[in-house]
Structure formats: structure tokens, C-alpha cells
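Reader: I would like a close look at one helix and at what covers it, and then an account of how that part fits into the rest of the fold. Please state the cut-offs as you go, since I will want to compare them with my own settings.

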Amino acid sequence: MKQTIFPIPKTMRLQGALRVPGDKSISHRALILAALARDQTLIRGLAPGRDVDSTIRCLSGLGVHLFRRDDTCLVRGQGLYGLKRPSGELDAGNSGTTLRLLAGVLAAQPFDSVLTGDASLRRRPMKRILDPLNRRGARIFCQDGYPPLRVSGSALGPLKYGSTLASAQVKSCVLLSGLYAAGETVYTEPRASRDHTERLLTRFGVPVKTRGRCVCLTGPAELNACRLTIPGDISSAAFFMAAALLLPNSDIYLTDVGLNPTRLGWVDVVRKMGGRVDIVHEDDGWEPRGTLRVRASRLRGVTVEGDLIPRLIDELPILAVLASQAHGETVVRDAAELRVKETDRIEAVVENLGKLGVPAKSLPDGFRITGPASLRGGECDSFGDHRTAMAMAVAGLKAESPVAINGWEVVGVSCPAFLDNLRSLIVE
Ligand code: S3P
């Protein structure tokens with residue numbers, strides 16, 4: 001499906017308030033932990049979209065009863081040892097988080113299972129989870145390190161593992177397997193990645209110790225059901241924030257957005273670029289959340305690297321669009337992980353911006369963009385990646401003529417109401 005985005009006329013801007021959809025990362029984890037808990041968990045504010053549908057589908061395939069209505073879901077927990085042997089392959093669709101996290105759980109079950117996904121997911125590397133899992137006694141087989149994963153459930157032992165990747169999916173996979181392992185799981189990461197799993201495990205009553213970059217839990221560890229209200233997704237908010245920053249006179253409020261510090265690299269970078277982003281209200285809880293005010297701003301180029309990268313990894317495609325409108329050079333480094341996301345996001349963003357007349361250069365581990373450049377309109381591609389599609393839609397609002405995006409339907413992976421949400425903020 002092709003979607004054409006029309007530039008916003010000079011007389012229009014973004015104004016008003018929006019509650020962005022629930023956080024996708026937290027939603028996957030909440031569902032999985034609720035399924036393993038001893039009683040019923042009520043989840044509110046669940047993320048919409050096909051990725052979270054995939055987690056629900058896989059859990060149903062494992063015999064978990066989930067009752068979902070809109071963004072509320074009641075999960076009947078099976079306890080740590082109550083999952084059932086699936087009757088067929090478990091299909092994680094496009095969702096890397098679903099597949100990698102469930103692999104950690106399935107490795108410890110008393111039955112065999114197969115985890116697979118769509119064409120994009122079957123091209124994503126799994127060695128990163130196979131190494132630690134196999135080291136603790138898991139038996140997982142696949143070809144050349146790609147899904148499908150054939151999991152032969154087995155008894156798992158303790159593990160002390162130093163990862164070379166700052167990946168919350170790998171960390172979470174290892175921690176989930178640790179719930180079943182007799183003894184300690186000690187996991188160290190090179191840079192801090194999102195800590196939703198640690199926070200949620202604590203919320204479900206599992207003692208988790210964190211010291212610097214090291215996380216530790218002791219298994220076997222039972223989970224107690226709870227009630228959860230998931231905050232809005234800062235990674236979805238990022239697209240509306242970028243639109244407000246770029247469109248003159250815009251002034252919007254994003255309410256109940258997750259403000260977890262491990263996800264706020266984007267806010268830090270936007271402020272460094274001169275973007276007017278204010279946290280106007282903040283609630284601390286199992287996940288911090290609050291209201292952001294974002295106003296149109298004159299932006300300048302920045303360098304983004306090192307510890308910042310895992311804190312804004314999913315926002316780098318939209319950062320590239322901001323960079324094209326910022327004064328000076330923006331350089332992103334240390335982000336080679338972008339090449340193994342839903343698509344190669346470095347090539348996707350550089351090629352798409354190039355088609356709209358922006359000279360962007362890919363680097364082995366990032367990109368370099370000099371702005372401000374005029375966006376001339378034209379035809380882009382989602383490359384089957386939701387975040388690439390939404391980033392180019394924001395570029396389209398600012399372009400001189402319409403921007404058509406091929407493969408638009410992929411926005412349904414994380415933000416099916418993206419265009420409606422955007423329209424709700426546009427005023428004369
Ligand atoms: C996620 C972690 C990140 C992120 C992805 C969601 C998660 O991936 O890019 O969209 O929910 O744990 P990596 O763990 O591969 O860095």
C-alpha cells in the first residue's frame with residue numbers, strides 16, 4: 001500500500017494534546033511475565049499493533065488464556081511450570097522482542113517448540129541469544145544463526161555472562177531463562193540498555209539486584225500477579241515530537257508518556273539540538289511517566305555516539321529527518337545495530353532522504369547529514385519497517401511537494417492510528 005503525505009500549508013501547525021499508544025517494549029514483557037505468574041494480571045494501556053498481537057498469539061499457543069478488549073488485557077497466569085506444549089510453530093511475526101524473549105522461557109520448558117517469524121525476522125541474528133542460553137545448558141538449534149529456532153526444552157544451570165552487545169532483548173532473554181535456572185544469573189552489559197524487564201520482574205515480586213551494568217537474579221523464582229497500567233510509548237511519541245519541532249508555531253502536549261531514563265536519550269539529544277522539550281509533569285512509579293510539552297524550534301546539528309546510542313536506538317530514523325532540517329552537521333556513530341533491525345535502518349534512511357534531495361551519507365556504524373536541506377517530495381519506501389515509514393511521513397509534512405511512501409501498511413506493527421493521531425493535532 002502506498003500512502004501519500006501532503007506538506008502542511010504555512011497557515012497550519014500542530015497544537016493540542018495526545019495520549020500516544022502504550023509502550024510496546026513494556027507491553028511484550030508485561031504479557032509474558034503475567035503469563036508466568038501465579039494468578040490473574042490485569043494490564044491496562046497495552047500497546048496496539050501487530051507486534052503485541054504476535055506476543056498474545058504465541059502465549060495463546062502455549063495454553064495461556066488472555067482476554068483482551070481494546071487496550072486492556074486480563075491474563076490468566078499459568079505459573080512458572082504451567083505452559084503447554086504448542087500444537088504448531090509459534091509465529092512471532094515481525095517482532096524480535098517476542099521471539100528473543102520467548103526463547104529464554106521456552107529453553108527451560110519440559111517440551112520442545114519451534115519459534116519463527118516473518119521474512120524480516122528470519123533474517124535477524126539469533127547467535128546473540130543462543131550463546132548465553134546454550135552456555136547454561138539450553139538446546140536450541142537453527143541454521144546459520146537465523147530463525148526458525150528449534151528449542152529442545154531442558155534443565156538450565158546458573159550463568160555468569162558478560163555480553164558484548166548493549167541489547168535489552170538479549171538481557172531480557174537471559175533474565176527470563178534465569179527464572180527457571182537453579183542458582184544465580186549474573187548478566188553484565190557494555191552500555192546500559194532499557195531496563196523494563198528488571199523493573200517488571202521487581203513488580204511481579206522477583207528480587208532483582210542491579211549494580212552498575214550488572215543485573216543479578218536467583219532462580220527458580222516464582223512470580224506474583226499484579227495490576228499494571230502501561231505508559232505511552234516514547235518511541236511512538238518521538239514522531240509527533242519531531243513533527244512539532246519542525247512545523248512553525250507548533251505547540252503540543254504528549255500526556256502519560258513513559259519517561260524511563262534508559263529510553264530518554266532522544267529527549268537529551270533533541271534538547272542538545274536546541275529543541276524546546278519540557279517535562280511539565282512527572283510521576284514516579286514502577287515506570288516513570290509524565291507529560292511532555294514540545295514546541296517548534298530552530299535546531300542545530302549534533303554528534304550522537306557511545307552510551308547515548310542504546311538510549312535512543314529506535315529513534316535514530318526520525319533523528320535523521322530532524323538532522324536534515326537542523327543547521328550544521330549531525331553525525332551518528334556506534335550504531336551498527338541499526339543494520340540488523342527490521343531492515344538495515346542506516347541504508348533505509350540514507351536512501352529515502354537521498355530520494356527527497358537530502359545529501360545523507362551512510363557510515364559503517366551510523367550516518368552523516370548536513371542541514372538544513374530542502375526536502376523536495378518524491379517517492380520513498382518503508383523497506384518493511386514501521387519506524388522508517390513514520391520517519392518519512394514526518395519528512396513529508398515538511399516537504400515542498402507530496403511524499404509517497406510505499407509499503408505504508410507496516411505502520412500497523414506499532415502505531416496503527418498514526419495518521420489519525422497526527423490529524424488530531426493539526427490546526428489552522
Ligand atoms: C527492544 C530492544 C531494542 C529495540 C527494540 C525493542 C526491547 O532492541 O531496538 O525495538 O523491547 O527489548 P535490541 O535489544 O536488539 O537493542
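Author: In helix α4 (residues 127-135), the buried residues are Arg 128, Ile 129, Leu 130, Pro 132 and Leu 133; buried means under 20% relative accessible area, exposed over 50% and partly exposed in between, with a 1.4 Å probe and protein chains only. Helices (H or I, at least four residues) and strands (E, at least two) are DSSP runs, numbered from the N terminus. This is a predicted model, in which local features need pLDDT of at least 70 and side-chain atom pairs count only at pLDDT 80 or more, while totals for chains, interfaces and linings use all residues. Residues are numbered from 1 along each chain as its sequence is written, and side-chain values use heavy atoms, with hydrogens and water left out.

An α-helix has 3.6 residues a turn, so residues three or four places apart point the same way. The cover over the buried residues of α4 includes α3, β8 (139-143), β9 (146-152), β10 and α5, where contact means heavy atoms within 4.5 Å. After α4 comes Gly 137, with a positive phi near 105 degrees.

Helix α2 (residues 50-61) can be described in a similar way. Its twelve residues should span 16 Å at 1.5 Å a residue, and the end C-alpha atoms are 16 Å apart, which agrees; the expected span is 1.5 Å times one less than the number of residues. Within α2, Asp 51, Val 52, Ser 54, Thr 55, Ile 56, Cys 58 and Leu 59 are buried, and these residues pack against α1 (24-36), β4 (65-69), β6 (90-91) and α3 (96-106). Helix α3 is thus named both here and in the cover of α4. Gly 63 follows α2 and has a positive phi, near 85 degrees.

To place α4 in the wider fold, one has to turn to the nonpolar cores, each a set of buried Ala, Val, Leu, Ile, Met, Phe, Trp, Tyr and Cys residues joined through side-chain atoms within 4.5 Å. The largest core has 80 residues, among which Met 241, Leu 254, Trp 266, Leu 316 and Phe 418 touch the most other members. Helix α7 (residues 234-246) contributes the most to it, with eleven residues. A second, separate core of 69 residues includes Leu 33, Leu 80, Ile 129 and Val 151, and Ile 129 is one of the buried residues of α4.

On the side of the largest core, Trp 266 belongs to helix α8 (residues 265-272), where Gly 265, Val 267, Val 269 and Val 270 are buried along with it. The buried residues of α8 are covered by elements including α7, β16 (276-283), β18 (303-304) and α9 (316-325), and just after α8, Gly 274 takes a positive phi of about 100 degrees. Phe 418, leaving out residues up to four places away in sequence, touches Phe 239, Phe 240, Met 390, Ala 393, Val 394 and Trp 408.

Strand β10, part of the cover of α4, also leads to the aromatic residues. Five aromatic pairs are found in a search of the whole structure; rings of Phe, Tyr and Trp (its six-membered ring) pair if their centres lie within 6.5 Å, with planes under 30 degrees apart counted as stacked, over 60 as edge-to-face and the rest as tilted. Tyr 81 and Tyr 180 form an edge-to-face pair, 5.8 Å centre to centre with 85 degrees between the planes. Since Tyr 81 lies in the loop between β5 (72-76) and β6, and Tyr 180 in the loop between α5 (168-178) and β11 (183-188), this pair ties together parts that are 99 residues apart in sequence. Tyr 81 is exposed at a relative accessible area of 53%, whereas Tyr 180 counts as buried at 9%. Tyr 161 and Tyr 187 form a stacked pair, 6.2 Å centre to centre with 25 degrees between the planes. Tyr 161 is in strand β10 (residues 159-162) and Tyr 187 in strand β11, so this pair joins parts 26 residues apart in sequence, and both residues are buried.
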